[in-house]
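Biologist: Before we discuss details, could you put the model on the screen and take me through what can be read from it?

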Amino acid sequence: MTALKLRFPTPEAPELPLDIGVHGIGRGRTGVLAPVTDGDEPSVRFCVDRRGVWLTVTEGVQGVHVNGRQVRRMAMLRTGDAIFVDGHELRLVSTTPVSAVAPAAGLDDVDGSEPDPRIVLRGVGGRYHGRSFTLDGPRLVGRHAEADIRIDEPGFADRHARLERMGGVVRLTDLGSAEGSVVNGEAMRDAVLQAGDQIVFDAHHRFVIEAPARPGLSAGYDRAPEPQALVDESTAPRGGGLPLPWLLLAAVVIAGLLSALLLFGTA
């Protein structure tokens with residue numbers, strides 16, 4: 001089952017389900033940003049496997065951005081990312097609504113009394129980029145001076161939303177804001193969040209929930225660490241160094257050279 005899809009900004013181009021494989025996007029012969037047909041050179045490619053989605057930029061193509069940051073060659077994407085290509089903004093969204101993952105009504109009986117320092121809200125864009133907030137207690141998001149996550153922007157509500165941990169998930173509760181929040185690319189007010197979910201406040205303040213994954217609750221593809229270089233185990237040396245016989249032989253040779261140096265050097 002397809003877990004993610006690419007949402008286009010124009011009605012001419014439908015949403016593209018991101019099945020496992022490579023999907024090219026460009027203007028092609030139609031002049032409209034859309035999935036390209038065979039023979040057309042795409043501006044970008046979305047490479048999808050069980051670990052996630054990678055964006056690759058075609059050589060010579062300029063002006064590709066992800067969440068406002070320029071991408072020259074490749075970027076790993078997460079649900080909710082905004083991809084700017086050829087003057088248009090695409091959005092990576094989930095096929096599973098966030099509210100359907102775990103109904104909020106079923107969280108009232110969850111024991112959330114014990115703080116879990118592993119569940120954090122990490123900034124990935126905006127003023128709090130690179131900063132993390134633990135969720136060992138409710139966090140107020142707003143313009144108010146006493147807000148835990150203060151966003152001092154014109155029109156932003158003093159008390160925009162509250163984030164609080166409920167067991168192994170996080171509840172987002174709107175406190176009467178005008179526009180709500182964006183969760184995984186969808187405008188929402190109240191939602192139940194889990195590891196990997198992305199929240200955007202006021203268009204460019206981006207955060208990601210980081211927590212131990214819970215089997216069976218993922219709304220996207222299986223998440224994994226950054227890909228590592230592959231090594232052929234049949235030819236790679238084991239133990240991280242030279243085999244023991246070669247080490248002994250090298251030691252004997254070095255000892256012989258030192259002995260010869262001392263002998264002839266004092267003659």
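Modeller: This is a predicted model, and its accessible surface comes to about 15400 Å², with 55% of that area belonging to carbon and sulfur atoms.

Biologist: How many helices and strands are there in the protein, and what share of the residues is buried?
Modeller: Buried residues, meaning those under 20% relative accessible area, make up 39% of the 267 residues. As for secondary structure, the protein has 1 helix and 22 strands.

Biologist: What part of the contacts with a separation of 6 or more comes from residues 24 or more positions apart?
Modeller: Contact here means heavy atoms within 4.5 Å. Among the contacts in the protein with a separation of 6 or more, the share due to residues 24 or more positions apart is 45%.

Biologist: Which strands stand at the edges of the open sheet, and why is one side of each left without a neighbour?
Modeller: The open sheet is formed by 6 strands in the order S13-S12-S22-S21-S18-S19, with antiparallel pairing. Neighbouring strands of this sheet are turned by 30° against each other on average, direction ignored. A strand with a single partner strand has one side without a neighbour in the sheet, and this applies to the two edge strands, S13 (132–134) and S19 (186–188).

Biologist: Within that sheet, which residue in S21 is the bridge partner of valine 182?
Modeller: Strand S18 (residues 181–183) and strand S21 (residues 198–201) run antiparallel and are joined by 2 bridges. In S21, the partner of valine 182 is valine 200.

Biologist: How far apart are the closest N and O atoms in the salt bridge of arginine 122 with glutamate 210?
Modeller: The pair links distant parts of the chain, with arginine 122 in strand S12 (residues 120–125) and glutamate 210 in strand S22 (residues 205–210), 88 residues apart. Arginine 122 counts as partly exposed because its relative accessibility is 25%, and glutamate 210 is likewise partly exposed, at 29%. A salt bridge requires a separation within 4 Å, and the closest N and O atoms of this pair are 2.4 Å apart.

Biologist: Are the residues on the two faces of strand S14 buried or exposed?
Modeller: Strand S14 (residues 139–142) has Arg139 and Val141 on one side, with Leu140 and Gly142 on the other. Arginine 139, for instance, has 18% relative accessibility and therefore counts as buried. Both faces of S14 are covered, and these four residues are all buried.

Biologist: In which sense does S14 pair with strand S16, and in which sense with strand S15?
Modeller: With strand S16 (residues 161–166), S14 pairs over 3 bridges in the antiparallel sense, and the bridge partner of leucine 140 in S16 is arginine 162. Glycine 142 stands opposite arginine 150 in S15. The pairing of S14 with strand S15 (residues 149–150) runs over 2 bridges, and its sense is parallel.

Biologist: Which residue meets the side chain of arginine 139 in a salt bridge?
Modeller: The partner is partly exposed, with a relative accessible area of 31%, whereas arginine 139 counts as buried at 18%. The two side chains meet at 3.7 Å, N to O, and the partner is aspartate 148.

Biologist: How many salt bridges does the count come to, and which residues are joined into one network?
Modeller: The count comes to 13 salt bridges. One of them joins aspartate 152 to arginine 143, with the closest N and O atoms 3.0 Å apart; at 42% relative accessibility aspartate 152 counts as partly exposed, as does arginine 143 at 31%. Salt bridges that share partners also make one network, and its members are Lys5, Arg7, Glu15 and Glu186.

Biologist: What is the C-alpha to C-alpha distance between arginine 7 and glutamate 89?
Modeller: Arginine 7 lies in strand S1 (residues 4–7) and counts as partly exposed, at 24% relative accessibility. Beyond four places away in sequence, arginine 7 touches Glu15, Glu89, Leu90, Arg91, Val93, Gly185 and Glu186. Although arginine 7 and glutamate 89 are 82 residues apart in sequence, their C-alpha atoms are separated in space by 8.9 Å.

Biologist: Which residues make the nonpolar surface patch of about 290 Å²?
Modeller: Valine 253 lies in helix H1 (residues 244–265) and counts as partly exposed because its relative accessibility is 45%. Patch residues must have over 30% relative accessible area, and this patch is made by Leu249, Val253 and Leu257.

Technical notes
Residues are numbered from 1 along each chain as its sequence is written. This is a predicted model: local features need pLDDT of at least 70, side-chain atom pairs count only at pLDDT 80 or more; totals for chains, interfaces and linings use all residues. Side-chain values use heavy atoms; hydrogens and water are left out. Two strands pair if DSSP finds at least two bridges between them. Axes are lines fitted to C-alpha atoms, for helices over the stretch in contact, and angles run from 0 to 180 degrees between N-to-C directions. Patches are made of residues with over 30% relative accessible area and no salt bridge: like charges are joined within 9 Å, nonpolar side chains (Val, Leu, Ile, Met, Phe, Trp, Tyr) within 5 Å. Accessible areas come from the Shrake-Rupley method with a 1.4 Å probe; for residues, only the protein chains shown count as cover. Buried means under 20% relative accessible area, exposed over 50%, partly exposed in between (1.4 Å probe, protein chains only).
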